[in-house]
Amino acid sequence: MTGPVVIVGAGGHAKVVRDALESAGFVIAGVTERDAAAAARNFPDLPYLGTDEGLADRFAPTAGYLTIGVGGACSTDGRRRLHERFSDQGYRFARVVHRMAYLAAGVQVSEGVQVMAGAVIQPGASVGAYALINTRAVVDHDCFVGAHAHVGPNATLTAAVWVGAGAFVGAGATVLPGRRIGAGALIAAGAVVTRDVPDGLRVAGVPAAPLTPRRG
Ligand SMILES: CC(=O)SCCNC(=O)CCNC(=O)[C@H](O)C(C)(C)COP(=O)(O)OP(=O)(O)OC[C@H]1O[C@@H](n2cnc3c(N)ncnc32)[C@H](O)[C@@H]1OP(=O)(O)O
């Protein structure tokens, strides 16, 4: 993959993305950000390319690649919307794999995926488009991670776990072998998932159980 990369968003996740890009030898063309002051504060040494609106005038879809600098504390929706919006405009997304991540031979990583420092992806695993495998996450052998899903920092998918599109696996969570996490489900930080989780369900705890809606 060649060509410069624009980081969309200039907050905390963008700083981690920048580190991954630079570790892997990408050239960064600049950042977009609604909040110009945040861009100046976090990236004083990178070109500021304005807001997302009208980016094509400053960085055409043919000029290189984008990568999303927005994380999402407990939802994958914001990242998915940004990927969809810019894909519709003809942009392509870089595969960003930190130099200090480990990907076993033959691991499939699709367009737009981000794999952060210390992550490990073992043989037979595959990671769908635009998914985020965050710092020190483990995706062990034969796991499948669906498009737009987020495997949080230090989370562990043990053997042959299946994660549906847009699911969020919180920091430090563990999913036992062979379990299925439904599309759009949320696994709370620190949970241990011992049973399949249906689409869209939010679970927490050890063993993980549905989060009860707040009272009052
Ligand atoms: C680099 C990065 O930061 S990447 C981002 C990684 N982010 C994460 O891993 C965060 C994941 N988010 C969480 O775990 C959140 O706590 C959520 C999404 C599960 C719940 O968040 P909210 O809906 O705001 O719930 P809220 O904080 O109000 O708590 C609701 C209840 O759930 C409990 N709860 C919240 N989080 C957890 C958790 N991780 N495990 C167990 N129980 C929890 C609370 O104690 C509270 O219980 P109570 O009603 O008995 O007092």
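Strand 1 and strand 3 (residues 65–68) pair in the parallel sense through four bridges, where helices (H or I, at least four residues) and strands (E, at least two) are DSSP runs numbered from the N terminus, and pairing requires that DSSP find at least two bridges between two strands. Within this pairing, V5 has Y65 in strand 3 as its bridge partner. The structure is a predicted model, in which local features need pLDDT of at least 70, side-chain atom pairs count only at pLDDT 80 or more, and totals for chains, interfaces and linings use all residues. Residues are numbered from 1 along each chain as its sequence is written.

Strand 1 is also joined by four bridges to strand 2 (residues 28–32), and the two run parallel; V6 stands opposite G30 of strand 2. Between these two strands the chain passes through helix 1 (residues 12–23), forming a right-handed β-α-β crossover (with the strands pointing away from the viewer, the path from the first strand over the helix to the second runs clockwise).

In a regular strand, side chains alternate between the two faces of the sheet. In strand 1 (residues 5–8), V5 and I7 point one way and V6 and V8 the other, and all are buried (20 or more other C-beta atoms within 10 Å of the residue's own; exposed, 12 or fewer; partly exposed in between; C-beta atoms placed from the backbone).

H150 belongs to strand 13 (residues 150–151). An unreviewed UniProt entry places the feature "binding site" at H150; UniProt positions follow the numbering used here, feature names are shortened, and annotations may be inferred rather than shown by experiment. H150 counts as buried because it has 26 C-beta neighbours inside 10 Å. Neighbours within four places in sequence aside, H150 is in contact with G72, T76, L132, N134, F168 and V169 (C-beta atoms, placed from the backbone, within 7 Å).

Conventions: Contact = placed C-beta atoms within 7 Å.
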